[in-house]
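Please look over the sequence and the model below. The briefing that follows is grouped by topic.

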Amino acid sequence: MSLPLRDELRGLRPYGAPQLDVPVRLNTNENSYPLPDEVVAAVEKALAATLRDLNRYPDRDAVALREDLAGYLGVRADQVWAANGSNEVQQQLLQAFGGPGRSALGFVPAYSMHPLLAAGTGTSWVDGHRDENFELSPQEARRQVAAHRPDVVFLCSPNNPTGTALPLAVVEAVLHEAPGMVVVDEAYAEFRRPGTPTALSLLDGHPRLVVTRTMSKAFALAGVRLGYLAADPAVVDAVQLVRLPYHLSTLTQAAARAALAHAETLLGTVEAIKAERDRIVRELVAAGFETAPSDANFVLFGRFADEKSTWRRLLDRGVLVRDVGLPGWLRVTAGTPAENDAFLHALRVSARSERSEPRSRERKVAG
Ligand SMILES: *Cc1c(COP(=O)(O)O)cnc(C)c1O
């Protein structure tokens, strides 16, 4: 007996990166560094100060937090909206600007949550395409947007799972062509290399542009669930029509504000992670692997005749990476130097055992 599930949800599988308890977890692009003591103390104090008032609902509009986030981004507070992770922000955007009878387009391979959020909000999804190097030219982006005329376009830059960033010319071309909203998912913005732009610089004069960010990655706060957007104030008014009242708990708001007050300390690991990302790329290339150029805290690497068996062999050695469903490729998060060493070592051993497998089989047959 099957439940009367909505037709478009039938057969879908929930978002599910494995949460396995292994020594080296490099599969969900978290920041591997625990919070510094100074930030732990500040968050503890901020949370303690709210506890007696938890009988009251939180600030529905998270005004103080939005002011802090605006200060961090260098925009005005009325241009900022926050929710439980940028996933919720994007869901609210689809509730407001997508929905039944409307469509959203993203250029795959990109963030796997975008089509799932579309499905959840009854928005039909269109797979746009990148070239074989996972790149997208302004002409090509414009051509695909013109062909489908989606109500919402998702651009992910730096893109997950490839790590590749988009030139501003692509964002501008899409803004020019798209009949509706253009959402640039910048979850990894803090990890971008010098010279890689952010779409924040395009906000002025583009009322249909939305830039989403998160505290889950660079800020090392994935457990807090805090994402936000910057856009024209009219966009902030629009998402307030669909957000649940009191969606952002008092505890979340307090923890995020305390963390933001220590942004510099929290972001202290970003440079180390970027250096490790670049080291992973160098060592993988030296070992004969291919990588995609990365402006994020992870590296897409290949190519494997059978990436699933490589994934399994790494896991057998206690290293969890991500099978992103892209034939020939796997994705690894840049963790601490020790975690990355463990990954690189496990991969070299795995490659050696793979090469020796056919021969050992021959020997067995011969013997
Ligand atoms: C990790 C990630 C996010 C973050 O989602 P949160 O809900 O803020 O934790 C958003 N977009 C992309 C592309 C990501 O990889």
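How far apart are the mean positions of the positive and negative charges of the protein? They are 4 Å apart, taken over 41 positive and 44 negative charges. The model is a predicted one. In outline, the protein has 12 helices and 12 strands, and 51% of its 367 residues count as buried.

**Overall dimensions and surface**

- The radius of gyration of the protein is 22 Å; a compact globule of 367 residues would have a value near 21 Å, so the two agree.
- Along the principal axes, the C-alpha atoms fill a box of roughly 75 × 55 × 55 Å.
- The exposed area of the protein is about 17,300 Å², and 52% of that area comes from carbon and sulfur atoms.
- Of the contacts between residues at least 6 apart in sequence, 75% join residues at least 24 apart.

**Strands S2 and S8**

- Strand S2 covers residues 80-83, and strand S8 covers residues 227-231.
- The two strands run antiparallel and are joined by 4 bridges.
- Within this pairing, alanine 82 has tyrosine 228 of S8 as its bridge partner.
- Val80 and Ala82 point one way from S2, while Trp81 and Ala83 point the other way.
- Residues on both sides of S2 are buried: Val80 and Ala82 on one, Trp81 and Ala83 on the other.

**The open sheet S9-S10-S12**

- An open sheet is formed by 3 strands in the order S9-S10-S12, with antiparallel pairing.
- Its edge strands are S9 (290-291) and S12 (329-333), each of which pairs on one side only.
- Strand S10, residues 298-302, pairs with S12 through 5 bridges in the antiparallel sense.
- Glycine 302 stands opposite tryptophan 329 of S12.

**Cis peptide bonds**

- Glycine 302 is also joined to arginine 303 by a cis peptide bond, with omega at about -15 degrees.
- Arginine 303 is placed in the loop between S10 and helix H11 (307-316).
- Another cis peptide bond joins serine 157 and proline 158, where omega is about -10 degrees.
- Proline 158 belongs to the loop between strand S5 (152-156) and helix H6 (168-177).

**Positive phi in the loop between S7 and S8**

- Which residue has a positive phi of about 60 degrees although it is not a glycine? This is alanine 220, located in the loop between strand S7 (209-214) and S8.
- Is alanine 220 buried or exposed? Its relative accessible area is 18%; the cut-off for buried is under 20%, so alanine 220 counts as buried.
- Arginine 225 likewise has a positive phi, near 65 degrees, and is a residue other than glycine.
- Arginine 225 lies in the loop between S7 and S8.
- The relative accessible area of arginine 225 is 34%; partly exposed residues fall between the 20% and 50% cut-offs, so arginine 225 counts as partly exposed.

**Points to check in the viewer**

- For the S2 and S8 pairing, the pair to display is alanine 82 and tyrosine 228.
- For the open sheet, glycine 302 can be displayed with tryptophan 329, together with the cis peptide bond from glycine 302 to arginine 303.
- For the loop between S7 and S8, the residues to display include alanine 220 and arginine 225.

Definitions and conventions: Residues numbered from 1 in each chain as written. Predicted model: local features only at pLDDT ≥ 70, side-chain atom pairs only at ≥ 80, totals over all residues. Heavy atoms only, no water. Rg over C-alpha atoms; globule rule 2.2 N^0.38 Å. Buried < 20%, exposed > 50% of the residue type's maximum accessible area, 1.4 Å probe, protein only. Contact = heavy atoms within 4.5 Å. Areas by Shrake-Rupley, 256 points an atom, 1.4 Å probe, with all protein chains shown as cover. Lys, Arg positive; Asp, Glu negative; His and termini not counted. Charge placed at Lys NZ, Arg CZ, Asp CG, Glu CD. Pairing = 2+ DSSP bridges.
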